[in-house]
Amino acid sequence: MDWTMGWREMLMRMLNWQMYYIIFTSGCCLFQGVLKYCKVEVFFIEDQLLDTMLIFMLYGWSAIPLMYLMSFLFSASTTAYVKLVLFNYFSGIFSLLIDMTLQYSKELETKMSNDTRMRILNTLLLLPNYDLAKALENYSNAYQDKTLCHTLKYPPPSVNCSKTNIEKNVYSLEENMIGKYLITMGVLGFVLFLLIFLWETTLWKVKTFLGRYVYFGIYKKFKQNTISKELSGESEDEDVEKERRRVLELPQELLNTIILIKELIKIYFKCPAILAVKNISLRIQKGECFGLLGFNGAGKTSTFKMLTGERTATSGDMFIEGFSITKNILKVRSRIGYCPQSDALLEYMTGREIMIMYARIWGVSEPQIHLYVNNWLNSLQLEPHADRLIHTYSGGNKRRLSTAIALMGKSSAIFLDEPSTGMDPVARRLLWNLITQTRETGKAIVITSHSMEECEALCTRLAIMVKGKFVCLGSPQHLKNKFGHLYILKAKVKPDIGEDKLEDFKIFISTIFPGSVIKQENQKIINYYIPSKDNSWAKVFGILEEAKEQFNLEDYSISQITLEQVFLTFAYPDKTEDEYKKNVP
Ligand SMILES: Nc1ncnc2c1ncn2[C@@H]1O[C@H](COP(=O)(O)OP(=O)(O)OP(=O)(O)O)[C@@H](O)[C@H]1O
């Protein structure tokens, strides 16, 4: 959601923080209600209520940004939640145990110098839970001492009822008072906010710098050979090579084509380094739907994540409407619509509410918002579910909603990662219509999918990726023409025809179409692969029309090889060729 905001991202974040504090303050009020109910008067009578509230608020001020920063250590939200709750719990308990041991253990007193003890206690101040516990403990002790000294004629000897002690300001920085802890929490909050600000504004730049200049620089020094061979970007496929040259020779003023990928490389610097994307170049224009196909591990997701700004590129650059992703990520993010592979929806909103929220973010005017959202809900037939909470949606409906959110708005580039996963055939058709309509409005769409049918239906151009490289590129029809050197012939012989006539038909086909191969034979239905080289459609149909009479064929059909079969030739290039050769008589 933040991505679609662009420059308004900071405003959104401030609103988020405001929400955190409103929720935290409500929790504090509730807790004070519990203290009052349990008659723990030290924390609520007279001015004490405000003092306690101040302690709690300063705790929230420091603890919330600390948790926010620590959450970056985890990739899954559930893991982060569980581990951070445990961290809070144990950091509170153990810091107090250490504090008590250092203060009251006689043995430690002799073994450990005062300086070391103070250093440890000062380090504990960095934990907001410790500060909170100590502030509450000292506040309560000071109050109780005062009460005992004022109410009892003979207070216990352990209580220091001297005038200076009783009149001490509880907010002072002295030992056993709370000033030190409150100031620490206040300063900690500021420092943590500063760190968060730096993290969020410079993280992308730091990551880009490290990846491009430090790690890649070192890698280039040690792996000179790999760099020149694997990452040259040159391709054996003429379409891929032509596209590359076109991008590299593109004049500067044409850089503002909607999506431009220029010599993009992604290396994961693990041990050993993984070359995930090997110097790809591509230009996607207005009104194009580009399909990124490939096998598991081919590098599609890595390319996709670089295009959407989720990952940094090791080398090369990508431009959305002329804005470089490496240099201007905020501007780029506000220009893209993105439907990730796993639905990123706010589950406790209804479908309508979330769409209204996004429509507002995109700047749809208030009087038009309901009409606008209703149109989108209608176009994906989500109306019946629109007022239900999203967590009650089926997987397919969540996918519909995610895709609708990616397609709506003013983004000029839309990235859809397997958008139709889990959808029924009717919903899939609706989605395809919607994607086609959106494309026709002049947007550029990039789609990854494992459904070849979907790619054929939607993509104006596509590329197949193998081991991080494009191995072919072009429209589905172009690829079928180029790589599908075969026709598929399906012939059904009449049931009353004897086996000898069937055998004659087979001999006829193998003689007239040398190199043809039987793919399948069942119940007098025979499927053939026929080489398309030297056999035009007209010639094949002419021959089959004659054969229909001659061999009593009930029916026949000739079709072109499917995109899936083209795709498979890249999966097992050697195997397919071998198998084909083996079967050729
Ligand atoms: N975070 C990562 N750290 C290290 N290696 C990674 C990382 N992500 C991907 N890879 C590696 O990069 C290569 C390309 O992976 P990528 O996920 O881009 O492929 P893909 O085509 O999207 O596969 P799939 O269809 O299975 O999603 C693989 O060898 C993968 O192991």
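A residue counts as near the ligand if one of its heavy atoms lies within 4 Å of it. In this predicted model, 14 residues surround the ligand, and those that come nearest are Gly297, Gly299, Lys300, Thr301 and Ser302. By class, the residues of this shell divide into 5 nonpolar, 6 polar and 3 charged.

Three contacts with the ligand can be followed atom by atom. An N or O atom in the side chain of Thr301 is 2.3 Å from an oxygen atom of the ligand. Gly299 approaches through its backbone, where an N or O atom lies 2.9 Å from a ligand oxygen atom. At Tyr268 the partner is a nitrogen atom of the ligand, which is 3.5 Å from an N or O atom in the side chain. The ligand taken alone exposes 630 Å², and the protein buries 67% of that area.

Which elements give two or more residues to the shell around the ligand? They are strand E2, residues 274-284, and helix H12, residues 300-307. H12 gives the most, with 3 residues.

Strand E2 leads to the sheet of which it is a part. This is an open sheet of 4 strands with antiparallel pairing, in the order E2-E1-E4-E5. E2 and strand E5 (323-324) each have a single partner strand and stand at the edges, so one side of each has no neighbour in the sheet. Further in, strand E1 (residues 259-268) and strand E4 (residues 315-320) run antiparallel and are joined by 5 bridges. Ile265 stands opposite Ser315 in E4. Helix H9, residues 179-222, packs on this sheet and touches E1, E2 and E4, with its direction at about 140° to that of E4. Helix H11, residues 238-248, also packs on the sheet, touching E1 and E2, and its direction makes about 70° with that of E2.

There is also an open sheet of 6 strands, with mixed pairing and the order E6-E7-E8-E3-E9-E10. Why is one side of strand E6 and of strand E10 left without a neighbour in the sheet? E6 (336-339) and E10 (469-474) stand at the edges, and each has a single partner strand, so the other side of each is left unpaired in the sheet. From one strand to the next, the twist averages 15°.

Within this sheet of 6 strands, strand E3 (residues 289-294) pairs with strand E8 (residues 444-448) in the parallel sense, over 4 bridges. Leu292 stands opposite Thr448 in E8. Helix H17, residues 425-440, lies across E3, E8 and strand E7 (413-417), and runs at about 145° to E8. In general, the strands of a sheet pair through backbone hydrogen bonds, in either the parallel or the antiparallel sense.

Note on methods. Residues are numbered from 1 along each chain as its sequence is written. This is a predicted model: local features need pLDDT of at least 70, side-chain atom pairs count only at pLDDT 80 or more; totals for chains, interfaces and linings use all residues. Side-chain values use heavy atoms; hydrogens and water are left out. A polar contact is a pair of N or O atoms within 3.5 Å; within protein, one must be able to donate a hydrogen and the other to accept it, and residues adjacent in sequence count only if both atoms are side-chain atoms. Accessible areas come from the Shrake-Rupley method with a 1.4 Å probe; for residues, only the protein chains shown count as cover. Ala, Val, Leu, Ile, Met, Phe, Trp, Tyr, Cys and Pro count as nonpolar, Asp, Glu, Lys and Arg as charged, and the others, Gly among them, as polar. Two strands pair if DSSP finds at least two bridges between them. Axes are lines fitted to C-alpha atoms, for helices over the stretch in contact, and angles run from 0 to 180 degrees between N-to-C directions. Contact means heavy atoms within 4.5 Å.
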